[in-house]
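User: I would like to learn how to read salt bridges, buried helices and empty space in a protein model. Could you take me through them one by one?

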Amino acid sequence: MAWSAGQYLKFEDERTRPSRDLLAQVPLDRIEHAIDLGCGPGNSTELIIERYGAAGVSGLDSDDNMLEAARKRLPGTSFVKADLATWRPEKPVDLLFANAVFQWLPNHLDILDHLMDGLKPGGVLAVQMPDNLTEQSHLMMEETAKNGPWSDAFARKGIRRNPLPAPSVYYNRLIGKSQRVDIWHTNYNHVLANAAAIVEWVKATALRPYLDHAGDEHRDAFTAEYLKHIAKAYPQLVDGKVLLRFPRLFLVAVKK
């Protein structure tokens, strides 16, 4: 399954909240140039523009569908296609902002280290990543993958991404280039309509590689089986809704 901006934005308010919380901790009164790394459909870029103005704000992403949505949303803003695994800013900037992208890159510690070199003195690297691999939403993906006519395909190749390192690992890696490094976790509890809404949420992100691996033949059946697991794992509240617990790690590093 390709990335889908429409699927991603079904829960725009909930997905934008971590960007808003991250940006609130960026200690910059003004900027000349800020770049939204992994900008997606531009919802996080829009927050940066609201705070600092449109001049000097740009975004990048590796997905054409996301870039198309971002350009429609913010037609006066520059968005470019790039691979964060190898991309570096052409000249030092004030702010490198990354919401929910680096968890997809296994070597992101090396990348974050290199990105510090792309900041001006006093510039800020601000990063947020989901830290939810031990949540039922993700454990049930693994459980579903193990049982069913698709199980052999998953046995041949594991697709579960690596857990995030401990906060101390990020601190030790970045403090040598930083005035300070702030790291914290926030546990969001999103009120969603029902178990099916949780499935719709993760279909835009973490469930994508599982559905890709299940293939066209099994995609619908895999999704239905996963929904059964989710319905058991997330009991209804008194009003019939469910709570999706979603831990996230935040990091703000200010360059020396």
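Analyst: Happy to; what follows is a short tour of this predicted model, feature by feature.

User: Let's start with charges. How many salt bridges does the count come to?

Analyst: The general idea first: side chains of opposite charge can pair when their charged atoms come close. Here the count comes to 15 salt bridges. One of them joins Lys120 and Glu32, with the closest N and O atoms 2.9 Å apart. Lys120 sits in strand S5, while Glu32 is in the loop between helix H2 (12-23) and S1, so this pair links distant parts of the chain, 88 residues apart.

User: Are Lys120 and Glu32 buried or exposed?

Analyst: Lys120 has 23% relative accessibility and counts as partly exposed. Glu32 is exposed, at a relative accessible area of 62%.

User: Which residue forms a salt bridge with Asp113, and where does each of the two lie?

Analyst: The partner of Asp113 is Lys177, and their closest N and O atoms are 2.5 Å apart. Asp113 belongs to helix H5 and Lys177 to the loop between H8 and S6, so the bridge ties together parts that are 64 residues apart in sequence. Asp113 counts as buried at 14% relative accessibility, whereas Lys177 is partly exposed at 27%.

User: What about a pair within one helix?

Analyst: Take Asp216 and Arg219, whose closest N and O atoms are 2.6 Å apart. They are three residues apart in helix H10, which means a separation of about one helical turn. Asp216 is exposed, with a relative accessible area of 67%, but Arg219 counts as buried at 19%. Elsewhere, salt bridges that share partners join Asp110, Asp113, Asp117, Arg173 and Lys177 into one network.

User: You mentioned helix H5. How many of its nine residues are buried?

Analyst: Helix H5 (residues 108-116) is mostly covered, with seven of the nine buried. They are His108, Leu109, Ile111, Leu112, Asp113, Leu115 and Met116. To see what covers a helix, look for its packing partners: the buried residues of H5 pack against strands S1 (34-37), S4 (93-99), S5 (119-130), S6 (178-192) and S7, and against helix H8 (167-174).

User: What is notable about the phi of Ala100?

Analyst: In general, most residues other than glycine have a negative phi. Ala100 has a positive one, near 55°. Its place is in the loop between S4 and H5, and Ala100 is partly exposed, with a relative accessible area of 22%.

User: Now the empty space. How is it found?

Analyst: Rolling a probe the size of a water molecule over the atoms shows where empty space is left. In this model, the count comes to one cavity of 30 Å³ or more, and the largest cavity holds about 30 Å³ of space. Its lining includes Gln103, Asn132, Leu133 and Arg161.

User: And which residues are closest to the centre of the second largest pocket?

Analyst: That pocket has a volume of about 310 Å³. Among its 18 lining residues, Gln103, Trp104, Arg160, Arg161 and Asn162 are the closest to its centre. H5, H6 and H10 each give two or more residues to the lining.

User: Last one: which residues form a nonpolar patch on the surface?

Analyst: Val191, Leu237 and Leu243 do, with about 220 Å² of accessible area together. Leu237 lies in the loop between helix H10 (208-233) and strand S7 (242-255), and Leu237 is partly exposed at 35% relative accessible area.

Conventions
Residues numbered from 1 in each chain as written. Predicted model: local features only at pLDDT ≥ 70, side-chain atom pairs only at ≥ 80, totals over all residues. Heavy atoms only, no water. Patch = residues over 30% accessible without salt bridge, like charges linked within 9 Å, V, L, I, M, F, W, Y side chains within 5 Å. Areas by Shrake-Rupley, 256 points an atom, 1.4 Å probe, with all protein chains shown as cover. Salt bridge = Lys/Arg side-chain N within 4 Å of Asp/Glu carboxyl O. Helix = DSSP H or I, 4+ residues; strand = E, 2+ residues; numbered from the N terminus. Buried < 20%, exposed > 50% of the residue type's maximum accessible area, 1.4 Å probe, protein only. Contact = heavy atoms within 4.5 Å. 1 Å grid on protein atoms, 1.4 Å probe; cavity = no way out; pocket = protein on both sides within 12 Å on 5 of 7 lines; lining within 4 Å. Points joined across faces, edges and corners; volume = space filled by probe spheres on them.
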